[in-house]
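Trainee: I'd like to learn how to read a structure step by step. Could you walk me through this one?

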Amino acid sequence: GIGLSKFHRISSDIDLTKLEKTLKDFHDTKHYIDNFNIIIKDYNFIKLDENVNKRVQSLIFSLSNHILYIEAKLAYLKRKSIQPSLIHGDPKLSNFLFDIQYKYVVSLIDLDTVSSGYLLTDLADCIRSISNLAGEVPENIDNVFFDICSCEYFLKGYFSIANKKSNYRFGCLPEFIYIIIIELTIRFLNDFLQSNKYFKVNYYTQNLYRAEVQYRLLSSFITQIPNLSKSLSEIGISSNPNFFIDVQNIV
């Protein structure tokens with residue numbers, strides 16, 4: 001949390017107009033959803049073996065209502081007029097370099113994703129990564145859950161040196177975590193259905209499994225939204241009390 005906060009603080013005065021996006025449509029959730037709808041409309045599911053097809057259909061069904069809700073939620077967040085900032089774009093745990101002896105973040109790496117975006121996207125993606133203790137490709141999917149303690153430690157670290165609570169809409173963080181997990185679920189599933197062209201795989205169904213892992217993480221995260229809202233409240237950030245009710249109705 002402290003490491004990402006320092007990155008955001010150090011880069012906050014960079015002129016966003018001078019940044020070029022190296023990855024087209026990166027973190028454009030609507031773009032991924034549109035691709036998903038096109039892919040499943042035209043996809044020949046008969047070519048999949050029976051077990052894999054069942055897994056794909058189950059995931060598509062599970063995602064369907066979430067996608068409808070997200071499309072409405074994206075419009076809501078746009079109306080919130082959240083200001084763009086410089087973001088890393090991919091602050092997963094493996095993109096942090098640590099000093100092993102003194103246990104602090106030395107640097108963020110993989111800077112090709114740096115662009116103009118929402119600070120909340122960085123926070124949400126980092127929390128998504130560190131709160132899944134089992135990892136993106138665990139040996140047993142039953143070990144996947146959203147660890148609220150890791151999330152709380154991150155928040156304490158981030159806001160210990162970056163007191164932007166009064167002038168930024170950090171109360172939307174639960175919604176952004178929800179969106180980023182579904183976004184990655186869709187990206188993994190899209191890539192599987194498109195013959196694994198983007199994410200590197202060690203076996204044919206690995207991206208399908210990655211998508212299933214993210215959806216399992218999502219299910220656990222939803223149960224932790226009240227605890228996350230409480231943690232945000234304790235550091236002076238008010239979140240949307242209706243969000244948990246909305247996603248509970250979807251589930």
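Trainee: Let's start with Arg216: in which helix is Arg216 found?

Mentor: Arg216 sits in helix α7. Keep in mind that this is a predicted model.

Trainee: How exposed does Arg216 count as being?

Mentor: The idea is to place a residue's relative accessibility between two cut-offs: under 20% is buried, over 50% is exposed, and anything in between is partly exposed. Arg216 has 32% relative accessibility, so Arg216 counts as partly exposed.

Trainee: And which residues does Arg216 touch, leaving aside those up to four places away in sequence?

Mentor: Setting those sequence neighbours aside, Arg216 touches Ile141, Asp142 and Val144. You can also compare sequence with space: Asn140 and Arg216 are 76 residues apart in sequence, while their C-alpha atoms are 11 Å apart.

Trainee: Now helix α8. Which of its residues are buried?

Mentor: Helix α8 covers residues 243-250, and its buried residues are Phe243, Val247 and Ile250. Next, look down the axis of α8: these buried residues fall within an arc of 45°, so they line one face of the helix.

Trainee: What do the buried residues of α8 pack against?

Mentor: They pack against three helices: α3 (50-79), α6 (173-193) and α7 (206-234). That last one is the helix that holds Arg216.

Trainee: Can we do the same for α1? Which residues are buried there?

Mentor: In α1, residues 2-10, the buried ones are Gly3, Leu4, Ser5, Phe7 and His8. The buried residues of α1 pack against both strands and helices: β1 (85-87), β2 (96-99) and β3 (104-108), along with α4 (119-130) and α5 (148-161).

Trainee: How many bridges join β2 to β3?

Mentor: There are 4 bridges between β2 and β3, and the two strands run antiparallel. To follow the pairing, find Asp99, which stands opposite Tyr104 in β3. Together β2 and β3 make a hairpin with 4 residues between them. Within that turn, Lys103 has a positive phi of about 55°. As for reading strands in general, side chains in a regular strand alternate between the two faces of the sheet.

Trainee: One more feature, then. How many cavities of 30 Å³ or more are there?

Mentor: The count is 1 cavity of 30 Å³ or more. About 50 Å³ of space lies in the largest cavity.

Trainee: Which residues line the largest cavity?

Mentor: Its lining is made of Lys21, Thr22, Leu23, Phe26, Asp112, Thr113, Val114 and Ser115. Sorted by class, that lining has 3 nonpolar, 3 polar and 2 charged residues.

Key:
Residues are numbered from 1 along each chain as its sequence is written. This is a predicted model: local features need pLDDT of at least 70, side-chain atom pairs count only at pLDDT 80 or more; totals for chains, interfaces and linings use all residues. Side-chain values use heavy atoms; hydrogens and water are left out. Buried means under 20% relative accessible area, exposed over 50%, partly exposed in between (1.4 Å probe, protein chains only). Contact means heavy atoms within 4.5 Å. Two strands pair if DSSP finds at least two bridges between them. On a 1 Å grid over the protein atoms alone, a cavity is a set of points where a 1.4 Å probe fits but cannot get out, and a pocket is an open set with protein on both sides within 12 Å along at least five of seven lines; lining residues have an atom within 4 Å of a point. Grid points are joined across faces, edges and corners, and a volume is the space filled by probe spheres set on the points. Ala, Val, Leu, Ile, Met, Phe, Trp, Tyr, Cys and Pro count as nonpolar, Asp, Glu, Lys and Arg as charged, and the others, Gly among them, as polar. The arc is that of the directions from the helix axis to the C-beta atoms.
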